[in-house]
Amino acid sequence: MEMEEGGNQTTVTEFILLGFGDLPALPILLFLVLLAIYIVTMAGNLLIIALVMTDQHLHTPMYFFLGNLSFLESCYSSAILPRLLAGLLTGNRTISVVGCMTQFFFFCFLATTECYLLAAMAYDRYLAICKPLHYGTRMNGRLCLQLAAGCWISGFLPCTLMMSFMSQLVFCGSNEMDHFFCDYAPMLKLSCSDTSLLTLVLYVFSFLDAVSPFLLTVTSYVCVINTILRIPSSTGRQKTFSTCSSHLIIVALFYGTIMIVYMLPKSNTLKALNKVFSVIYTVLTPLANPLIYSLRNREVKEALQNMGRKCMAFIKIT
């Protein structure tokens, strides 16, 4: 830290991420668990991207969005877990203010984009199941590109605006951040500036970027479930409902924990559970998404088998 000119306060130039300070005896175990989760998350999502790009049978709107989601989850995990793993391994938990702001921007951008992308994927399933005769004409390549671009832009713009406000914050006094990554509320807590406007901006953006997509997603799945219940075949009904119910679990976990952390008043109980909820939407959902959305699908399993046969044939030739 360095002294502020003309005053006796210290201007913070770096933060100390306390991480999971209540588990001091388990850094190695925690490192190994998180490392395994990161490897599996990256391998699963990169595999989905490779399959979607190389297999012609997966060149459909649903897998186009799943490819976007896998790319997003790869970036999302990489924005948080490598820094956390390095801190657990080396014991160095310091991060510069600029580095902290940068990490928060990418987290905000990618998390907000995922909120909209999950809504777009739910709309795609709504058209496919509830409007099957119109699905091919409505969900065409142009609309897919527009929806995907809209999701990424809708994630980028509000976070850029938020960062323009946060870049004006001054940090002084304590530099210990009680979190495992640079998040909005812990940073505001360490600021000496007036944060009332930023708090209002947070609630407005949280409603627009989390609650609104969540309502659209839930509405789409309610219509989907209503249509499923009218399917005459019990086998088809059970299979489709099983897929949609697993999707809804992931959606509820992701949106639910984000809204709890960013929108509900901070009682003592919620403060104690804040890190747990943060682990769910930053670590567990990127791990579960490729398993729930893609690797359980018959088309993906067939594409994976085809890729395996091609790899074996290539190895034999070489």
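Which residue in β4 is the bridge partner of Glu14? In this predicted model, the partner is Ser96. The pair belongs to a wider arrangement in which β3, spanning residues 14–17, runs antiparallel to β4 across 3 bridges. These two strands form part of an open sheet of 3 strands, ordered β4-β3-β5, whose pairing is mixed. At the edges of the sheet are β4, covering 94–96, and β5, covering 176–177, each of which pairs on one side only.

The sheet also has a helical neighbour. Helix α3, made up of residues 97–130, lies across β3, β4 and β5, and its direction makes an angle of about 85 degrees with β4.

A further point of interest is Gly155, a residue of helix α5, which comprises residues 141–166. Its relative accessible area is 0%, so Gly155 is classed as buried, the cut-off being under 20%. Setting aside neighbours within four places in sequence, the contacts of Gly155 are Phe109, Thr112 and Thr113. Tyr281 stands 126 residues from Gly155 along the chain, and the C-alpha atoms of the two are 16 Å apart.

The surface offers another view of the model. Leu197, Leu200, Val204, Phe207 and Leu208 together make a nonpolar surface patch of about 450 Å². Of these residues, Leu197 is located in helix α7, which extends over residues 196–228. Is Leu197 buried, partly exposed or exposed? Leu197 counts as partly exposed because its relative accessibility is 48%, a value between the limits of 20% and 50%.

Notes: Residues numbered from 1 in each chain as written. Predicted model: local features only at pLDDT ≥ 70, side-chain atom pairs only at ≥ 80, totals over all residues. Heavy atoms only, no water. Pairing = 2+ DSSP bridges. Helix = DSSP H or I, 4+ residues; strand = E, 2+ residues; numbered from the N terminus. Contact = heavy atoms within 4.5 Å. Axes fitted to C-alpha atoms, helices over the stretch in contact; angles between N-to-C directions. Patch = residues over 30% accessible without salt bridge, like charges linked within 9 Å, V, L, I, M, F, W, Y side chains within 5 Å. Areas by Shrake-Rupley, 256 points an atom, 1.4 Å probe, with all protein chains shown as cover. Salt bridge = Lys/Arg side-chain N within 4 Å of Asp/Glu carboxyl O. Buried < 20%, exposed > 50% of the residue type's maximum accessible area, 1.4 Å probe, protein only.
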